[in-house]
Amino acid sequence: MPATRSSNPLPDFLSAPLPPLPGIPEKRAALMKKLGIQNQKQLLFHLPVSLVDRRKNTPLGQAKAGDIITIKLEAEEHQPVPHPSSRRPYRIWCRDEQGERIVLIFFHVKGDYLQRQLPIGQWRIVSGRVEMAGDILTMPHPDYIVPLEREAEVRRVEPVYPLTAGVSNKMILNYLKRALPHLPDYPEWSDAEFIKKQKFVSWKEALFSLHHPQSAEMLEPLSPARQRLAYDELLAHQLALALARRKHTRESGQVLNGDGMLVQKLIASLPFTLTTGQQEVVCELSADMKKGHRMVRLLQGDVGSGKTIVALLLMLQAIEAGTQAALMAPTELLSRQHYNTIQALLNPLGIRVELLTAQSKAKKKLQQDIATGAVHLVIGTHALIEQSVAFKQLGLVVIDEQHRFGVQQRLQLIEKSKGTHVLMMSATPIPRTLALTCYGDMELSTLREKPAGRKPIDTRVLPLSRLMEVVEGLKRVIAQGSRIYWVCPLVAESEDLDLAAAEQRFEAMKVHYPRIGLVHGRMKQADREPTMQAFRKGEIDILIATTVIEVGVDVREATVMVIEHAERFGLSQLHQLRGRVGRGDKPSSCLLLYADSAGRTAHDRLKVMRETEDGFEIAEADMRLRGMGDMVGKKQSGFPDFRHADLSVHTSLLTIARDDAAYILNRDPELTSPRGEAVKKLLDLYDYEVFAGMKL
């Protein structure tokens with residue numbers, strides 16, 4: 001669904017493409033896109049992470065290795081490379097005004113560029129980092145070499161930005177040089193008294209000053225400028241949640257009141273009994289779907305707590321009521337796992353279940369059957385939100401691993417039919433206070449109890465020096481008919497990181513185990529699936545993998561999970577991986593292998609894993625040990641990714657923003673006052689266009 005623009009949209013400038021620079025525009029645009037920068041607003045929101053201070057005019061006689069200096073130098077001698085293929089550097093001997101000497105060093109020099117830049121006998125302003133080569137002072141690749149009359153071009157305090165291959169800091173600065181003079185000013189969306197109390201500058205001043213820092217402290221999260229931008233972003237987020245919640249409570253929902261026959265048949269066919277917690281949540285959510293108001297719920301449950309069967313019972317209620325149901329998952333692997341499980345359960349009931357992904361064959365025919373209602377339940381990935389997918393009547397949408405989808409993506413699926421009920425699911429427990437704060441647009445249901453029969457998992461923490469001992473011990477496990485997961489943090493060997501890589505571990509383990517397989521995220525689904533099937537069937541004893549198996553893999557015969565460099569994973573991720581075993585009737589274990597270099601915090605975190613299997617306790621410990629900032633990434637906990645806010649230090653601002661959002665909407669529910677119009681601009685500014693449009 002395209003975003004609805006507000007009546008007061010942002011200035012065209014912010015949505016305009018990047019300003020032209022010399023060179024090939026298409027190539028530059030492609031490079032900037034790698035950084036997530038495609039328009040002026042994304043450029044302006046790309047903040048520096050550090051700075052280079054060139055204000056030192058230290059004479060060469062006083063300069064120390066590592067100093068960044070800006071100095072007047074005269075070129076005395078050029079020492080070009082003997083031939084183009086030589087690996088030797090191009091050297092230029094220079095002196096300062098006191099007669100002290102330095103060698104400027106350059107690699108990969110072409111043509112007479114340096115002769116023109118630094119003619120012998122002429123003075124230049126040179127800026128860069130000095131180093132020592134024996135007793136000789138050097139400056140490899142100076143950052144600036146300019147004639148004396150152009151000294152003003154040397155940026156004495158230069159911000160340093162996050163970069164990617166092909167994008168230099170100079171390129172970012174050149175773009176900003178053209179963009180910053182056009183930075184718009186906005187009417188204030190916060191109370192003047194509040195701004196004064198917090199010692200905030202205006203939004204425009206904050207952004208401008210962060211791109212012109214005069215000290216490293218100005219870039220810190222607690223600096224006035226960063227706090228201002230962080231607060232604005234958190235306020236926009238809290239307003240969006242409040243508006244979404246208001247929409248859900250106002251909007252009528254389909255009355256899904258089935259006869260219960262399909263639900264009871266499925267329950268009777270299950271080889272297990274629902275837990276008390278599952279029964280209570282099913283009753284709670286079932287009642288919501290009968291009320292005539294749209295249900296929007298977040299179902300939070302620990303690993304193995306049985307969220308999928310709860311969702312399936314509710315989807316059956318929707319089908320009983322004559323509507324369709326959809327389940328959207330973030331990956332094809334997880335979608336296919338849901339499809340295999342659910343199809344096996346529902347086929348005997350005469351329910352047609354289909355899988356729709358980007359790889360689906362006969363997609364047009366499948367879309368036609370969904371549109372006519374011939375398909376009762378469709379399971380899929382992002383392919384479900386494509387415009388070509390239409391439903392006859394969609395009663396319930398279930399979104400698994402919901403934190404991996406953006407607000408707009410959720411809305412695109414939810415709006416396929418009028419009054420559709422929504423159930424979000426997350427397998428990563430979140431401390432309740434944070435869940436209510438960050439998912440304030442939803443009601444919260446929690447499953448804590450694990451199904452009867454689930455075996456506890458024996459978790460052990462071992463140093464990597466005992467690796468071969470583990471390898472030998474697994475042979476006994478395999479002899480008993482069990483299967484093993486072996487997880488590595490990397491896909492391939494890295495020059496930068498001394499960590500286990502799945503491909504190298506696979507090659508090394510083949511010597512010991514002939515029945516072994518490899519899966520990782522870089523493999524195509526078509527290449528990965530045969531290996532997964534072979535593991536499920538028992539044709540493979542050990543599956544070497546990356547975290548691609550974190551969710552969506554259910555092999556009851558797998559009883560051992562080995563995780564190399566466990567200290568490199570978040571606690572929530574370790575808990576998810578551990579949850580891949582212990583699903584059958586055999587005792588299971590998880591071996592966490594750590595490097596000798598692991599620090600105290602890493603050992604404390606692994607100790608938590610050894611002592612508890614309660615995901616909610618683990619979530620609390622993760623927040624306590626790592627800080628909230630490391631918990632709030634998309635992968636670890638499902639919190640939104642903020643551009644400017646860092647919840648490890650801006651927690652108090654989040655609380656204030658939540659209260660301020662409620663105050664604003666209580667005073668001006670439709671945002672029609674002057675402050676309300678400014679708030680719409682704020683929502684638009686932080687990509688909540690659909691809320692800024694207020695057509696909710």
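Buried here means under 20% relative accessible area. With that cut-off in hand, take strand β8: Y144 and V146 point one way from the strand, I145 and P147 point the other way, and all are buried. This is a predicted model, so keep that in mind for everything below.

**Around β8**

β8 has a partner. Strand β5 (residues 123-129) runs antiparallel to β8, and the two pair over 4 bridges. One place to look is I125, whose bridge partner in β8 is V146. Just before β8 comes the loop that follows β7 (136-140), and H141 is found in that loop, ahead of β8 (144-147). H141 is not a glycine, yet its phi is positive, near 40 degrees. Its relative accessibility is 39%, so H141 counts as partly exposed.

K199 shows a similar backbone feature elsewhere: phi is positive at about 60 degrees, again in a residue that is not a glycine. K199 is found in the loop between α6 (192-198) and α7 (203-210). Buried or exposed, then, for K199? K199 is exposed, because its relative accessible area is 69%.

T58 is another loop residue, placed between β1 (50-53) and β2 (68-79). T58 has a relative accessible area of 15%, so this one is buried. Setting aside neighbours within four places in sequence, T58 is in contact with A63, I69 and I71.

Here are the three loop residues side by side.

| Residue | Loop between | Relative accessible area |
|---|---|---|
| H141 | β7 (136-140) and β8 (144-147) | 39%, partly exposed |
| K199 | α6 (192-198) and α7 (203-210) | 69%, exposed |
| T58 | β1 (50-53) and β2 (68-79) | 15%, buried |

**The whole protein**

Stepping back, the protein has 25 helices and 22 strands. Of its 696 residues, 55% are buried. The accessible surface comes to about 31,600 Å², and carbon and sulfur atoms account for 50% of that. If you take the contacts with a separation of 6 or more, 72% of them are between residues 24 or more positions apart.

**Cores**

In soluble globular proteins, nonpolar side chains tend to be buried together. The largest nonpolar core in this model has 63 residues, and W203 and L683 are the ones with the most contacts inside it. Which helix gives the most to this core? That is α8 (residues 224-250), which puts in 11 residues. Apart from this core lies another one of 37 residues, including M289, L299, I319 and L346.

W203 deserves a look of its own. Not counting residues up to four places away in sequence, W203 touches F45, L183, P184, Y186, W189, R228, L229, D232, L685 and Y686. Some of those names come back in the ring pairs: F45, Y186, W189, W203 and Y686 are linked by such pairs into a cluster.

**Aromatic pairs**

A search of the whole structure turns up 8 aromatic pairs. For F45 and Y686, the ring centres are 5.2 Å apart and the planes are at 15 degrees, so the pair is stacked. F45 sits in the loop between α3 (40-44) and β1, and Y686 in the loop between α24 (674-685) and α25 (689-692), so the pair ties together parts 641 residues apart in sequence. Both F45 and Y686 are buried.

Y485 and F535 make a tilted pair, with 5.1 Å centre to centre and 55 degrees between the planes. Y485 belongs to strand β18 (residues 483-487) and F535 to helix α18 (residues 525-537), so to speak a link across 50 residues of chain. Y485 counts as buried because its relative accessibility is 0%, and F535 is likewise buried at 0%.

**How far to trust it**

The mean pLDDT of the protein is 85, with 89% of its residues at 70 or more. Strand β4 (residues 101-106) has the highest confidence at 96, while helix α22 (residues 628-631) has the lowest, at a mean of 44. Two stretches fall below 50 in pLDDT. Residues 1-9 form one of them, with 22 contacts in the model beyond near neighbours in sequence. Residues 628-638 are also below 50, and that stretch has 39 such contacts. Where pLDDT is low, the predicted coordinates should not be read in detail.

Terms used
Residues numbered from 1 in each chain as written. Predicted model: local features only at pLDDT ≥ 70, side-chain atom pairs only at ≥ 80, totals over all residues. Heavy atoms only, no water. Buried < 20%, exposed > 50% of the residue type's maximum accessible area, 1.4 Å probe, protein only. Contact = heavy atoms within 4.5 Å. Areas by Shrake-Rupley, 256 points an atom, 1.4 Å probe, with all protein chains shown as cover. Pairing = 2+ DSSP bridges. Core = buried A, V, L, I, M, F, W, Y, C linked by side-chain atoms within 4.5 Å. pLDDT = per-residue confidence, 0-100. Phe/Tyr/Trp six-rings, centres within 6.5 Å; stacked < 30°, edge-to-face > 60°.
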